[in-house]
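Subject: Structure handover

Hello,

Here is the structure for you to look through. My notes on it follow below.

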Amino acid sequence: MIKTPYYLIDEDKLKANLEILKDVQDRSGAKILLAEKAYSAFCTYPLISKYLSGATASGLYELKLAVEEFDGEAHIFSPAYIDSEIEEICSLCSHMLFNSFNQWTKYKDVALKHGVSCGIRVNPEVSVGEHEMYDPAGKFSRLGVTKANFRPDLLEGIEGLHFHCLCEQNVEPLERVLKGFEENFKEFIPQMKWVNFGGGHHITRDDYDRERLIEVIKEFKSRYNVDVYLEPGEAIALNAGYLVAEVVDTIHNGMDIAILDASAACHMPDVLEMPYRPNIVGAGEPNEKKYTYRLGGPTCLAGDIIGDYSFDNPLKEGDKLVFLDMAIYSMVKNNTFNGMKLPSIALKQGENIKLIKEFGYLDFKNRLS
């Protein structure tokens, strides 16, 4: 029996997502990359690399993980690279994106010396995001070069362009962004070998219009004769992971409250940052079922609240709760605030559940000094 809290990755559901992505990749001619910023459970990298073309990193450590564990291309983008890491980064990556022409001119010689395929991230200035915090094309964004700041005179050595404006969205917002991208940078696209459409594509969601996405990619490739990359993060492990928690106490203060051994602040921080209310197996909306509880974590943070849920039966100490869709972002963003133990990681393969990693006191201590 695995001790709670723990993340559980369902390999069959992960594989189902990968088969969808592989089909899109094969029929569109695009190359799809795993965005490690959303999902970095490398115990599943051997499986994922059978389906996708590579992985994309946001910094040196993710890049090293991709090179060590993923069989495929290794891309990287950072808003700003630093001198002490640039030589190692360029020695490892296959593709490198620069966020400004300042960074490109500063590091181009190192990148080209290592044979890296280099690109510039641009900002199409088409805002389609629903949450300002996650909108790379929002006002005063630091991500990507705008048309006004684009430097055609510095394109020698640049082989690709990249844009990323989506967040958990369907193909229609992509078409709007793509239209703005072409209007602003159309004259430079034929000079490129590849264009990266970024992430935020919810391709494996049931209502996603995958046929239209395939058409959009094929039409773009036909217009410009370039390779197209997509780098979804959430789509890879969407609905393929869980967080299993246990009720440790119940109290009453105007309403029934259950305290869990899993924390929103520590173990599913997007619940507070996004914010959103994750679904729980067998639970309903507040007052939908007979017994309604506010679920909170064990930290001292007053706002460590997961949400309000209703249940068919009263919650009691020892009850297990299973939170849905917890493989993406939760695992990569968790923390040890208050000395909270990190959830273990387990892998479900068919009917078998295998403990992959358990964390302890030293994982907390060694981060601090």
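Eight strands form a closed barrel in this predicted model. The strand order is 2-3-4-5-6-7-8-9, and the pairing is parallel. From one strand to the next, the twist averages 25 degrees. Helix 3 (residues 60–69) packs on the sheet, where it touches strand 3 (54–57) and strand 4 (73–78). The direction of helix 3 makes about 175 degrees with that of strand 4.

As a reminder, strands of a sheet pair through backbone hydrogen bonds, either parallel or antiparallel. One pair to look at is strand 8 (residues 194–196) with strand 9 (residues 227–230), which are joined in the parallel sense over three bridges. Within this pair, W194 stands opposite D227 in strand 9.

Next, the surface. L272, L301 and F337 form a nonpolar patch there, and together they have about 240 Å² of accessible area. F337 sits in the loop between helix 11 (330–333) and strand 15 (344–349). Its relative accessibility is 38%, so F337 counts as partly exposed, given that this class runs between the 20% limit for buried and the 50% limit for exposed.

Last, K289. This residue is in the loop between helix 10 (270–273) and strand 12 (291–296). K289 has a relative accessible area of 23% and is therefore partly exposed. Leaving aside residues up to four places away in sequence, K289 touches G282, A283, G284, S310, F311 and D312. K289 and L14 are 275 residues apart along the chain, and their C-alpha atoms are separated by 31 Å.

Regards

Key
Residues are numbered from 1 along each chain as its sequence is written. This is a predicted model: local features need pLDDT of at least 70, side-chain atom pairs count only at pLDDT 80 or more; totals for chains, interfaces and linings use all residues. Side-chain values use heavy atoms; hydrogens and water are left out. Patches are made of residues with over 30% relative accessible area and no salt bridge: like charges are joined within 9 Å, nonpolar side chains (Val, Leu, Ile, Met, Phe, Trp, Tyr) within 5 Å. Accessible areas come from the Shrake-Rupley method with a 1.4 Å probe; for residues, only the protein chains shown count as cover. A salt bridge is a side-chain nitrogen of Lys or Arg within 4 Å of a carboxyl oxygen of Asp or Glu. Helices (H or I, at least four residues) and strands (E, at least two) are DSSP runs, numbered from the N terminus. Buried means under 20% relative accessible area, exposed over 50%, partly exposed in between (1.4 Å probe, protein chains only). Two strands pair if DSSP finds at least two bridges between them. Axes are lines fitted to C-alpha atoms, for helices over the stretch in contact, and angles run from 0 to 180 degrees between N-to-C directions. Contact means heavy atoms within 4.5 Å.
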